[in-house]
Amino acid sequence: MLIMVNLDAPREDVEKIKNKIKSYGCTPHEIPGSLKLAIGVTGPTSKLAAEDFMRMDSVDEVVKVTKPYKLVSREMKKEDTLINFNGGAVIGGSNLTVIAGPCSVESRQQIFDIAGLLKEMGIQFLRAGAYKPRSSPYAFQGLKEKGVEYLNDVKKELGMKIVTEAKDSNSLAVILDTADIIQIGARNMQNFSLLQEAGATGKPILLKRGMAATVEDLLMSAEYILSQGNYNVILCERGIRTFETHTRNTLDLNAVPVIKKLTHLPIFVDPSHGIGIWDKVPSMALAGAAAGADGLMIEVHNHPENALSDGFQSLTPKTFKLILDKLKQLAPIVNKKVN
Ligand code: PEP
Ligand code: MN
């Protein structure tokens with residue numbers, strides 16, 4: 001249920017509404033909009049009657065939310081969510097944000113070299129994993145604390161924003177001060193306790209779609225984060241498993257317009273994991289932008305042939321620059337601007 005309140009409502013009216021919601025054992029969530037203040041209700045809402053709220057002062061409308069996910073739904077909030085960062089960067093709305101960087105931090109030199117080149121190209125968000133959830137226990141697992149230390153140095157010295165993965169509670173605690181965006185990987189999309197823990201930090205979270213997850217599963221996982229009071233969630237389509245074997249995954253671009261309709265949260269596309277083959281990444285990056293994505297996350301490595309993870313799908317800085325230029329040309333067609 002969603003209770004729409006006039007923007008000029010006295011605070012005491014809003015508090016009365018919230019207290020009434022709580023008296024039913026439900027939780028109120030204030031969602032400010034440009035026209036109305038929405039008070040979302042979660043919990044055992046079947047006990048609530050719309051008429052009881054309609055009679056209260058300052059209430060304009062009571063709307064039933066029909067979807068199983070509540071706080072993430074467009075029914076709850078019509079306007080796109082914008083995520084603001086220190087320094088003026090904004091994700092969502094008319095922005096097409098490009099997050100780029102290597103799959104993993106491999107050494108201080110490696111991450112500084114690539115970050116420097118990306119910064120020169122105007123990239124504000126650097127991605128790189130220090131904790132890597134790998135399919136094989138024998139594969140490179142990341143530099144862990146040392147990797148976070150190097151990312152923190154990049155953040156301080158180059159002023160870039162850092163996107164890095166929390167694999168579990170321990171790694172979440174280690175990356176917390178360094179990460180501007182906490183990445184939750186495909187393999188952890190339904191690790192609900194990690195979602196709640198990461199949500200409770202209040203930091204922006206990039207939530208990747210699980211490889212066998214439906215759009216509804218993804219939205220329900222995002223709901224776990226929003227239900228912690230954290231609205232700064234970015235969804236990410238990164239390819240799903242299908243019967244096709246020519247590509248690493250099948251990038252489900254259908255999900256982009258579907259998700260844009262169902263939720264106010266920004267949706268990114270990761271063409272690198274989505275197709276998994278470097279020379280085909282540019283096509284899918286452009287396709288993702290054309291589908292209306294709010295951003296792209298692309299793996300870039302100075303020496304893909306020597307990368308410790310995902311080299312085969314990583315672009316060289318030179319190829320990445322070509323695609324970035326094309327994205328800048330394409331963005332206005334979908335009413336966006338590359339930032
Ligand atoms: C990654 O971004 O490097 C990664 C591990 O992605 P995913 O969780 O989508 O497999
Ligand atoms: Mn990777």
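Which residues does Leu118 touch, not counting residues up to four places away in sequence? Ala100, Gly101, Ile123, Leu126, Met160, Val300 and Phe320, with contact meaning heavy atoms within 4.5 Å. The legends below start from there.

This is a predicted model, where local features need pLDDT of at least 70, side-chain atom pairs count only at pLDDT 80 or more, and totals for chains, interfaces and linings use all residues. Residues are numbered from 1 along each chain as its sequence is written, chains are lettered from A and ligands numbered from 1 in the order in which they are written, and side-chain values use heavy atoms, with hydrogens and water left out.

**View 1. Helix α3 and what it packs against.** Helix α3 covers residues 108-120; helices (H or I, at least four residues) and strands (E, at least two) are DSSP runs, numbered from the N terminus. Its 13 residues should span 18 Å at 1.5 Å a residue, and the end C-alpha atoms are indeed 18 Å apart; the expected span is 1.5 Å times one less than the number of residues. Gln110, Ile111, Phe112, Ile114, Ala115 and Leu118 are the buried ones here (buried is under 20% relative accessible area, exposed over 50%, partly exposed in between, with a 1.4 Å probe and protein chains only). They pack against β7 (95-101), β8 (125-127), α4 (145-158) and α11 (317-330). After the helix comes Gly122, with a positive phi near 95°.

**View 2. The largest nonpolar core.** A nonpolar core is a set of buried Ala, Val, Leu, Ile, Met, Phe, Trp, Tyr and Cys residues joined through side-chain atoms within 4.5 Å. The largest one has 77 residues, and Ile111, Leu118, Leu126, Val154, Leu207, Leu235 and Phe320 touch the most other members. Helix α7 (residues 215-226) supplies the largest share, six residues. Domain 1 (2-63) and domain 2 (83-338) each give this core at least three residues; the bounds come from an automatic or database domain assignment. Another core, of 15 residues, lies apart from it, with Ala9, Ile39, Val41 and Met56 among its members. As for the domains themselves, their centres, taken over C-alpha atoms, are 36 Å apart.

**View 3. Arg238, buried without a partner.** Arg238 sits in the loop between β12 (233-237) and α8 (255-262). It is buried but has no salt bridge, that is, no side-chain nitrogen of Lys or Arg within 4 Å of a carboxyl oxygen of Asp or Glu. The nearest side chain of opposite charge is Asp270, 5.8 Å away (Lys and Arg count as positive, Asp and Glu as negative; His and the chain ends are not counted). Beyond four places in sequence, the contacts of Arg238 include Ala186, Arg187, Lys208, Arg209, Asn249 and His273.

**View 4. Salt bridges across the chain.** The structure has 19 salt bridges. Lys36 and Asp60 meet in one, at 3.5 Å, N to O. That pair links strand β3 (residues 36-42) to strand β4 (residues 59-63), its two residues being 24 apart. Lys36 is partly exposed at 27%, and Asp60 is partly exposed at 36%. Another joins Arg108 and Asp153, whose closest N and O atoms are 3.1 Å apart. Arg108 is in helix α3 and Asp153 in helix α4, so this pair ties together parts 45 residues apart in sequence. Arg108 counts as partly exposed at 36% relative accessibility, while Asp153 counts as buried at 18%. Arg11, Glu15, Lys18 and Glu30 are linked in a salt-bridge network.
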